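These are comments on side-chain contacts and burial, set out as numbered points. Please read them alongside the coordinates.

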Amino acid sequence: MDGTIVDTEPYWIAAEHALVEAHGGTWSHDQAMQLVGQSLTFSAGLLQQAGVDLEIREIIDTLTAQVVSSVQQQVPWRPGARELLEELHLAGVRCALVTMSEGPLAREVVASLPRPYFDVLVTGDTVSQGKPHPEAYLTAVELLQEDDPDLGIHHCVALEDSVPGVAAAVASGVATVAVPHIVPLPDTGSYALWDSLSGRGLEELEALLLPAGSSGAAASPGGHGG
């Protein structure tokens, strides 16, 4: 979600800067980049190391509240994201939002959409292991399978923008598209590398599926940073 369909990374980074500085510390660009795509628990731990004298839960709640407030003022959509979601929706392709952001922020973003594009939401507070662990993507596939038992991993495509997010998607076994944004991603050959979602559509996603697959579902990305 963050960085893939909405450009909320600047909101997160601003919230991190404000929190660290409020506790008398400093927060560099390089430190902020370490948090891109990571779970909020991991991120909160690094903020503690930077001098934030709060519990992990307090840090997560503070950052999330600040980002939610920013999103309520303006949802910064990534190029091509809404157009792709609209095409998938009209084609009957079921989508899952897989993000390391927690429920309040994910629901705020979803509520701003003109249609119910996502059948499933998997957020950072609903899994025990955050990205780069594949749990979130495996959970999304399981939830989609509840209404479609014939759906398999090979029917799904994940869209991601961060190193942890791409690693999670690839490890889950779904076909993966990397769309770099804040942090560059190497072309390893284990995923498709797109420079943008602009001009991309269902046909390109279907082409990424294994021969046994079909356009059953698309998992759309996310996480703080993700």
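1. A salt bridge is taken here as a side-chain nitrogen of Lys or Arg within 4 Å of a carboxyl oxygen of Asp or Glu. The model is predicted, and the count under this rule is six salt bridges. Asp119 and Arg94 form one of them, with their closest N and O atoms 3.8 Å apart. Asp119 belongs to strand E2 (residues 118-122) and Arg94 to strand E1, so this contact ties together parts that are 25 residues apart in sequence. The two ends differ in burial class: Asp119 is partly exposed, at 47% relative accessibility, and Arg94 is buried, with a relative accessible area of 16%.

2. Arg94 also takes part in a salt bridge with Asp147, where the closest N and O atoms are again 3.8 Å apart. Here the link runs from strand E1, which holds Arg94, to helix H7 (residues 135-147), which holds Asp147, and the two residues are 53 residues apart. Asp147 counts as exposed, its relative accessibility being 68%. Arg94 thus has salt bridges to Asp119 and to Asp147.

3. Glu102 and Arg57 make a further salt bridge, with 2.5 Å between the closest N and O atoms. This pair joins distant parts of the chain: Arg57 is in helix H4 (residues 56-73), while Glu102 is in the loop between strand E1 (94-98) and helix H6 (103-111), 45 residues apart. Glu102 is buried, at a relative accessible area of 10%, whereas Arg57 is partly exposed, at 40%. Through shared partners, salt bridges join Arg57, Asp61 and Glu102 into one network.

4. Helix H4 also contains Thr64. Thr64 is buried, with a relative accessible area of 7%. The C-alpha atoms of Thr64 and Leu105 are separated by 6.8 Å, although these residues are 41 residues apart along the chain. Leu105 is also among the residues with the most contacts inside the largest nonpolar core.

5. That largest nonpolar core has 51 residues. Besides Leu105, those with the most contacts inside it are Met1, Leu47, Phe118, Val177 and Leu205. Another core lies apart from it and has 17 residues, including Val98, Tyr137, Val141 and Leu151.

6. Which residue's backbone oxygen does the side chain of Lys131 reach? The partner is Val98, at 3.2 Å. Val98 is also one of the residues in the core of 17 residues. Lys131 has a second contact, a polar one of 2.6 Å between its side chain and that of Glu160. Lys131 sits in the loop between E2 and H7 and is buried, with a relative accessible area of 2%.

7. His155 lies in the loop between H7 and strand E3 (156-160). Its side chain reaches the backbone nitrogen of Gly152 at 2.7 Å. At 11% relative accessibility, His155 is classed as buried.

8. Why is there no disulfide between Cys95 and Cys156? The sulfur of Cys95 has its closest cysteine sulfur in Cys156, and at 10 Å that is too far for a bond. The converse also holds, since the closest cysteine sulfur to that of Cys156 is in Cys95, at 10 Å. For reference, the cut-off is a pair of cysteine sulfur atoms within 2.5 Å. The count for the structure is zero disulfides. Both cysteines are buried: Cys95 has a relative accessible area of 2%, and Cys156 has a relative accessibility of 2%.

9. On ring contacts, the structure has zero aromatic pairs. A contact between a charge and a ring is present, however: Arg200 lies over the face of Trp194, 4.2 Å from the ring centre.

Key: Residues numbered from 1 in each chain as written. Predicted model: local features only at pLDDT ≥ 70, side-chain atom pairs only at ≥ 80, totals over all residues. Heavy atoms only, no water. Phe/Tyr/Trp six-rings, centres within 6.5 Å; stacked < 30°, edge-to-face > 60°. Lys NZ or Arg CZ within 6 Å of the ring centre and 35° of its normal. Core = buried A, V, L, I, M, F, W, Y, C linked by side-chain atoms within 4.5 Å. Buried < 20%, exposed > 50% of the residue type's maximum accessible area, 1.4 Å probe, protein only. Helix = DSSP H or I, 4+ residues; strand = E, 2+ residues; numbered from the N terminus. Polar contact = N/O pair within 3.5 Å; in protein donor to acceptor, adjacent residues only side chain to side chain.
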